[in-house]
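Trainee: Please take one part of this model and walk me through it closely. After that, I would like to see what lies around it.

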Amino acid sequence: MNLFTTPSTIIITCHKRIAPYLENEVKELGFVVDEAFVTGVKLTGTINDCIKLNLNLRCASQVLYSLKQFIAHDGDDIYKNLKDFQWENILPDPGYFSVTSNVNNPTINNSMFANLRVKDAIVDRIRDKRGTRPSTGAELTGTVIHLFWKNEDAEVFIDTSGDSLARHGYRKIPGLAPMLEGLASATINATVWDRVSPFINPMCGSGTLAIEAALIATNRRPGLYRTNYAFMHVQGYDESVYVKEDALLEEQIIDVPALKIIATDYSPKAIENAKKNAIAAGVQKLIEFAVCDFADTAVPADSKGIMMINPEYGERLGDIKELEATYARIGDFMKQKCGGYYGYIFTGNMELAKKIGLKAKRRIEFYNSTIDCRLLEYELYSGSRREAKVEQS
C-alpha cells in the first residue's frame, strides 16, 4: 500500500485561536474540511495532498497523516499495538526517525516515557524484519512519528511536516520579542486589508508583520523558503510530486504594482535586521523601511489602507509607566495621521489598551505563546465622525 496515494484522516494543527484562519486557507486550496476544532482542522486525503498543504499553508503548525487508531490503557498497550504495525513499509532503510506526542493519560506523568515506548516498538519491529537498528533522535530531520493519546484513545500519525510550519523559514534575525510568522499571518488575515491598499507598520521590530503582508499580497507561500520536510523521508515518496508542487509556488506569485508597505522603527538595528529578513524573503523591494519614532511614520493621505502595530505590552519588554504614555501616543497618532484607515493594535495588556483613548470596533482573540492577546480594530474617520457620517449619507 502506497500511503502517498491512499486516503486517510489528515489533522492539521495550529496554535489556539488561529483555527478559523487555517480553515479558510485549507478551503482556498480546494480541500473539504470535515471538522474544525480549537487547535486545528480535520480532512481526508493522501500524503501527496499533505505535500501541497505543507508547502502552501501559512497558519499551520503540523500536517499529520493518520496510520492507526487503537485503545491503550498504559505504555505496554502502546508498545504492543505499535510493535505489530508494518514500520518496515514506512521507514526507509537505513532510516532515521523521531517521535513526538500529545499525551493525556492517567498512567503517564512524563510524555517522554510514551515517546520511548513508541520508539521501542518501532526499533524492535525494524530489527526483527531487517536485522538492523534504525537511528533515532530529537532532531526532526527524518521520518517523524506522532502519538496522540487521550485517556484510552490512541492514534499514531506520520507527521509529514517535521519542524513547525508556523516558522516560515526566511527570518534569520528574530529580534527581542518576535511574533511567530504563523501568528503574524493569521492576524493580518483577521483584518479588513484588501491586499492592495497601503499597509502601514510602525514599531516593526524584525519586520515580521510587514514581510508577511508582502508575502500575502503577492501570494508568496512558505514553501518557497524551505527544502526539507518529513514527508521526504517516508517510503513511497515520489520526488516528482514535490517538484511539481514546488514549481507551482513560483508560478502563482502575483505582481501588485501599486502595493505600498511602510515599516518603521526607532531602532536603526531593528530596521537593519528587518531589511535582512526581507531580503531573505525576497520582498525587500516591496517594503519601504525607515528609522523614526512611530508617530513620525509617513501615512499616505490619499489612500484608505490599514495601520497595524504590535507594541510592547509589559509581559516581556518595557516599563509599564512608559508604556502607558506610549499607548496614549499611539491613540493620538491614529487620530491625527491615520484618518480614513483602519487601525489595528495587537496587545496582551488590555489595561494599557485603555490608554489609547479610542473605542475598538472589534476585539479579536489570539494567543502569543501563552499570553492572552487581542487584536483591536479601530475605524478611523477623516475629520470628525459626524462629518464622516454626513459624507457617507
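Mentor: Happy to! Helices (H or I, at least four residues) and strands (E, at least two) are taken here as DSSP runs, numbered from the N terminus. Residue numbers start from 1 along each chain as its sequence is written, and side-chain values use heavy atoms, with hydrogens and water left out. The model is predicted, so local features need pLDDT of at least 70 and side-chain atom pairs count only at pLDDT 80 or more, while totals for chains, interfaces and linings use all residues.

Let's begin with Arg17, which sits in the loop between E1 and helix H1 (19-28). Arg17 is not a glycine, yet its phi is positive, at about 75°. For accessibility, buried means under 20% relative accessible area, exposed over 50%, and partly exposed in between (1.4 Å probe, protein chains only). With 21% relative accessibility, Arg17 counts as partly exposed.

A second positive phi belongs to Asn219, again a residue other than glycine, with a value near 60°. Asn219 counts as buried, at 18% relative accessibility, and belongs to the loop between helix H6 (208-217) and H7.

Now for the part I'd like you to study closely: helix H7. The expected span of a helix is 1.5 Å times one less than its number of residues. For the 13 residues of H7 (residues 239-251) that gives 18 Å, and the end C-alpha atoms are 19 Å apart, which agrees. Tyr242, Glu245 and Leu249 are the buried residues to look at in H7. Seen down the helix axis, the buried residues of H7 fall within an arc of 70°, so they line one face; the arc is taken over the directions from the helix axis to the C-beta atoms. An α-helix has 3.6 residues a turn, so residues three or four places apart point the same way. Lys244, Glu250 and Glu251 are exposed on the other side of H7. What does the buried face of H7 pack against? Its partner is helix H2 (47-56), where contact means heavy atoms within 4.5 Å.

Two other helices are worth setting beside H7. In helix H5 (residues 181-189), eight of the nine residues are buried, so H5 is largely enclosed by the rest of the structure. The buried set in H5 includes Glu181, Leu183, Thr187 and Ile188. Helix H4 (residues 111-130) has 20 residues and an expected span of 28 Å, and its end C-alpha atoms are 28 Å apart, which agrees. Among the buried residues of H4 are Ala114, Val118, Ile122 and Arg125. Their cover includes H3, E5, strand E6 (135-136) and E7.

In the loop between E8 and H5 you will find Ile173, which is partly exposed with a relative accessible area of 24%. Leaving aside residues up to four places away in sequence, Ile173 touches Ser206, Asn273, Lys276 and Asn277. From the C-alpha of Ile173 to that of Arg17 is 26 Å, with their positions 156 residues apart along the chain.

One peptide bond also deserves a check: from Asp93 to Pro94 it is cis, with omega near 0°. Pro94 is in the loop between helix H3 (75-83) and E5.

Next, the cysteines. A disulfide is a pair of cysteine sulfur atoms within 2.5 Å, and by this rule the count comes to zero. Cys59 is in no disulfide, and the nearest cysteine sulfur, that of Cys14, is 7.7 Å away. Cys59 is buried, with a relative accessible area of 1%. Cys292 is in no disulfide either, with the nearest cysteine sulfur, that of Cys204, 9.2 Å away. Cys292 is buried too, at 17% relative accessible area.

Finally, the empty space. On a 1 Å grid over the protein atoms alone, a cavity is a set of points where a 1.4 Å probe fits but cannot get out; a pocket is an open set with protein on both sides within 12 Å along at least five of seven lines, and lining residues have an atom within 4 Å of a point. The structure holds one cavity of 30 Å³ or more. About 50 Å³ of space lies in the largest cavity, whose lining includes Asn54, His168, Pro222 and Tyr229. The second largest pocket holds about 680 Å³. Its lining has 22 residues, of which Ile11, Thr13, Phe37, Asn102 and Phe148 are the closest to its centre. E8 gives the largest share of that lining, five residues.

Key. Points joined across faces, edges and corners; volume = space filled by probe spheres on them.
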